[in-house]
Every structure is written in structure tokens, then in C-alpha cells.
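Here are my notes on the model, kept short and in numbered points. Please read them with the structure open.

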There are 2 protein chains.
Amino acid sequence: MYEPTDKNRNILLLLRFDGTAYHGWQVQKNAVTVQQVLQDALEAVLGSRPGVTGCSRTDAGVHACEYACNFRTSSNIPCDGLLRAFNASLPADIAVTACRDVPERFHARYSAAGKEYIYKIYNGETRDPFLEGYALHYPYRLDIPAMRRAAGGFIGRHDFSSFCTSNGSVADRVREVTLLELGSKGALLTVRVRADGFLYNMVRIIVGTLLNVSQGRIGEGDIPDVIAARSRSCAGPTAPPHGLYLNRVFYEAEAMN
Amino acid sequence: MYEPTDKNRNILLLLRFDGTAYHGWQVQKNAVTVQQVLQDALEAVLGSRPGVTGCSRTDAGVHACEYACNFRTSSNIPCDGLLRAFNASLPADIAVTACRDVPERFHARYSAAGKEYIYKIYNGETRDPFLEGYALHYPYRLDIPAMRRAAGGFIGRHDFSSFCTSNGSVADRVREVTLLELGSKGALLTVRVRADGFLYNMVRIIVGTLLNVSQGRIGEGDIPDVIAARSRSCAGPTAPPHGLYLNRVFYEAEAMN
């Protein structure tokens, strides 16, 4: 494990949070966000308010099984003590699951080599009260074999402009999708997507597109054409946020040690 | 399936509900209950307010995967139409999962031959935001083999006075526990209890007692003595309500057809 050489520590936190009550990660005026609530808890423990760098912006209602962020502090409290103190100061819907010292150069966003999201779809006829806010309720027939075949069309390095809510701010829309798999257990379908990076709403548009494939609105072999069109209007709708979970963030060992 | 012979139909509903927001099943003054919200929805659909008979009282915060209740109506809407209409009128944390005509003599409580509860214990070190309100967070070491051996001592027909919050109102405290098993998956321990009937807080006191066995406060072979004492003070504490789920209600085919 990395040992800090002076009192300017750079600390990585892994969070697990239920995003239901939050307007996403990033601090905003007039809305409660995960970053703001986390910074409040850090300030309560450390006595001063550190800026916290997150691995990504997440939208309102999006959840995280593992969200990475880092901050700097001159505190000399050991990491296990910080972890316990932060959890004692945080509300029940946010938990710190890991806390460790990382090298000065580590940056939660720029050092990330990739991320994995999951998207949960509940395909039961009647809504499930325990999945409200935690999965998209889709009570219609799902053609999972067709969705699986279509999923293969996303794999690889492509310009994903068709799968980006146009905000014009990102020049380079080339990303590499390395995994896109559909797992089915009872009435719950889980879409798992791994890439070196994601455009705005990319996973939710991929899921909306796979649902269009299930409905026969987009052919299962047409994903390469939809990608090639580089046009948002060729892809399916943006699936709602509450089925989406940031599941893992990948860092090179080099950035961490 | 039973066909009603006149317009005085007796209808069985199965519910699935997240009990977090409710003060249990039974209608109370100054508190929102599942029975009240259900009766509101039934009234909205049927135009008159039926009394609904539940299979049991549940405490505040207790959940149900399958809760049975029945009511009488002269409506001639078919059951599948009632099911859809009730679900459209109910809030997201309560769902009707089944609706069927049953014989006049069917009574959700008196006709029940048995029930099954499950109790979820999350044994991870750090709290899990997705299990807040849905499992007891118990971050200490669990001796599951000792708990399993102790569980065997509950099986059979016994006076369970030691496992009843004394309210003095129930004269006969003899119940038959037919199943008590512990399932472990990752950090989640699920206690499953089946009996012909349950006393007030019985499952929660059984769980508190099993946790005392894990802690070595009660010997794993001492359950028969705790039962024989017929004294609440000999058993463990009452585990909190939010880990408890009414999982199934059993009826004889005769009562249903």
C-alpha cells in the first residue's frame, strides 16, 4: 500500500449510494447532491472542508455500487478511523466502503482507465414495490435473445455520437466498449456495460435502443448502422435513471501505488 | 376456480408491500396503515368502501412478499380487471399480485393453515445503503453453524410464551413450528420460519434469541429450556421490524374452492 511521505495526503474513497434522494453527484444550487452531503460529512470529521473530485457526474436518481472520489487533507487520522468517522457522519443512503492513501498524482476522473455500469429491468407483469426506484419496470414481452445478438454490435472502438445526449461540449466521442452482456434471473434482466469511458446518457440510450430491438423497431443487426449514423435520432429513447448503477471504476495499479 | 353464484362475491387479494412508510396493517387513528390505503383504493374502484379482512396484523416497518386479505363486493368487474384497477389506484409501495373469487366461507385469517416469515440480516462490516430498512445490519461476527444447531430446538409443537411480547390477550400460546432454516448468501443471512400460527413478535424474538446464541449468551442446546421456561425474560431481545417479511400464507385447498 502507498505510504504518504508528508502531511499532504491524497485520499481515495469508494462510495456506495442510493441515488433516489439526490440530484446526482455534482454540487448544485438549490438541490441536494451526493458531493455536497459527502463534503458536509468530511468537514464534520476533518474540521475543514476539502474539495472532493468525483470519477464522474451521475444524474438525479442514478445509484452507485462503487463510486470513486478523492480529496486532499493534512489530517493524520489513519484510514480505518476516517472510514468509520465518515460513515458515522453520513446519512444512511450513502456509505464509504473503502478509504486509502493514494499517490499525489492520483485523480478519480483522469486516472480512471474504465468503468462498468449495470442497468436493471424488471419484466414482471405487476410492479414490484421492492424494486420501485431501483429498476425500470417493463411489463411487456422481452426478446432477450434478439437483445443479446444486438449487444454484440456495440463492442469495439466507435464514435458513439448516436448514443450521446447532445450538449455539444464533448469534442471526442470515440469510446471503446469492451463488454455488453445481458444477465437474466427470474423476471430481472441486468444489462452490464464496460467501456474506457462513457458519453452523457450513453448507457441509458444503449438500454433504450436494446428495448427498441426487443420491440422490433430497430433490427438486431442494425446496431453498426445506428452507430455509423452518428445521429442521436437513429438510436432508441433514453431509459430512465433509476435503473442505472455505476458498478465499478477501474484504475491502473500504477496510478494507485 | 370457484365461480360465485350470486352478486355477493368474496374476493381474495394477495399483496406485496414495502412496509417502510406504514404503521403496520391495521387501521389506526393518526397513522397511515396498509389496510387504510388499500381500502381507499378499493373504494376508488368500487364506488363503495368494503371492509377488508387481513391474514394478520403486521407491525410498523414490516414488509410482505405475500399478504392475503379478503373483502365482499357486489361488483361484477372480472378479477383481472379489478387487479389492474386496484394497482392503478394504489401507491407504488403496495401492489396487488393476485385477485380471485373464493367461497363465501373463506376468511383470510381464520382459514389460514399456516404462514411463513423471512427475516434478513446483513452481516457486512459497513452498512449497505440498498438494504437500509430492508435488513437488520449486524456488523459483528455471526456463528451461523451454532445458530443452525439452535434452530432445531424450535421445531415442533410447544407453548411459545417465552417468544411472545406479553400483552395478556392470547390464552393459547401453543404453536407448531414446522420449519426454521438459515440461508446464507454473501453477507446476507436469511432466517425462514414456518408455523401454523405466530404469537405477537414471535419471529422477531426467535431472531433475537438466535443472535444471542451467536454471541454465546444463550447455549446452542438451550432452546428447549428457554421454551420450557414460558417466560419472555429467558429469550433474547426482539429484533427490529425492518428485517421482517411475511413471505407466504398457506390455505387448505378446501377453503379456496
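Which residue follows α1(A), and what is the sign of its phi? The residue is A:G47, and its phi is positive, near 85°. Keep in mind that this is a predicted model.

1. Helix α1 of chain A. This helix covers residues 34-46, 13 residues in total. From first C-alpha to last it reaches 18 Å. That is close to the 18 Å expected at 1.5 Å a residue. A:G47, with its positive phi, comes right after the helix.

2. Its buried side. The buried residues of α1(A) are A:V34, A:Q35, A:V37, A:L38, A:Q39, A:A41, A:L42 and A:L46. An α-helix has 3.6 residues a turn, so residues three or four places apart point the same way. It is worth viewing the list above with that in mind. The cover over these buried residues includes three strands of chain A, β1 (9-17), β3 (63-73) and β4 (94-102), together with the helix α2 (79-89).

3. Helix packing in chain A. α1(A) packs on α2(A) at an angle of about 125°, and the axes are 9 Å apart. The pair is therefore oblique. The crossing is right-handed. On the α1(A) side, the contact uses A:A41, A:L42, A:A44, A:V45 and A:L46. On the α2(A) side, it uses A:L82, A:A85, A:F86 and A:S89. These contact residues divide into 8 nonpolar, 1 polar and no charged. A:A41, A:L42 and A:L46 also appear among the buried residues of α1(A).

4. Helix packing in chain B. Here the helices are α1 (residues 34-46) and α2 (residues 79-89). Their axes come within 9 Å and cross at roughly 125°. So α1(B) is oblique to α2(B). This crossing is right-handed. B:A41, B:L42, B:A44, B:V45 and B:L46 of α1(B) make the contact with B:L82, B:A85, B:F86 and B:S89 of α2(B). The split is 8 nonpolar, 1 polar and no charged.

5. A:R16. This arginine lies in strand β1 of chain A. Is A:R16 buried or exposed? At 22% relative accessibility, A:R16 counts as partly exposed, because buried means under 20%. The C-alpha atoms of A:R16 and A:A95 are separated by 5.3 Å, although the two residues are 79 residues apart along the chain.

6. Contacts of A:R16. Neighbours within four places in sequence are left aside here. Within chain A, the partners of A:R16 are A:A64, A:C65, A:D93, A:I94, A:A95 and A:T97. From chain B come B:D128, B:P129 and B:F130. A:R16 is thus in contact with residues of both chains.

Terms used:
Residues numbered from 1 in each chain as written. Chains lettered and ligands numbered in written order. Predicted model: local features only at pLDDT ≥ 70, side-chain atom pairs only at ≥ 80, totals over all residues. Heavy atoms only, no water. Helix = DSSP H or I, 4+ residues; strand = E, 2+ residues; numbered from the N terminus. Expected span 1.5 Å × (residues − 1). Buried < 20%, exposed > 50% of the residue type's maximum accessible area, 1.4 Å probe, protein only. Contact = heavy atoms within 4.5 Å. Axes fitted to C-alpha atoms, helices over the stretch in contact; angles between N-to-C directions. Parallel < 35°, antiparallel > 145°, perpendicular 65-115°, else oblique. Left-handed = near helix turned anticlockwise from the far one by under 90°. Nonpolar A, V, L, I, M, F, W, Y, C, P; charged D, E, K, R; others polar.
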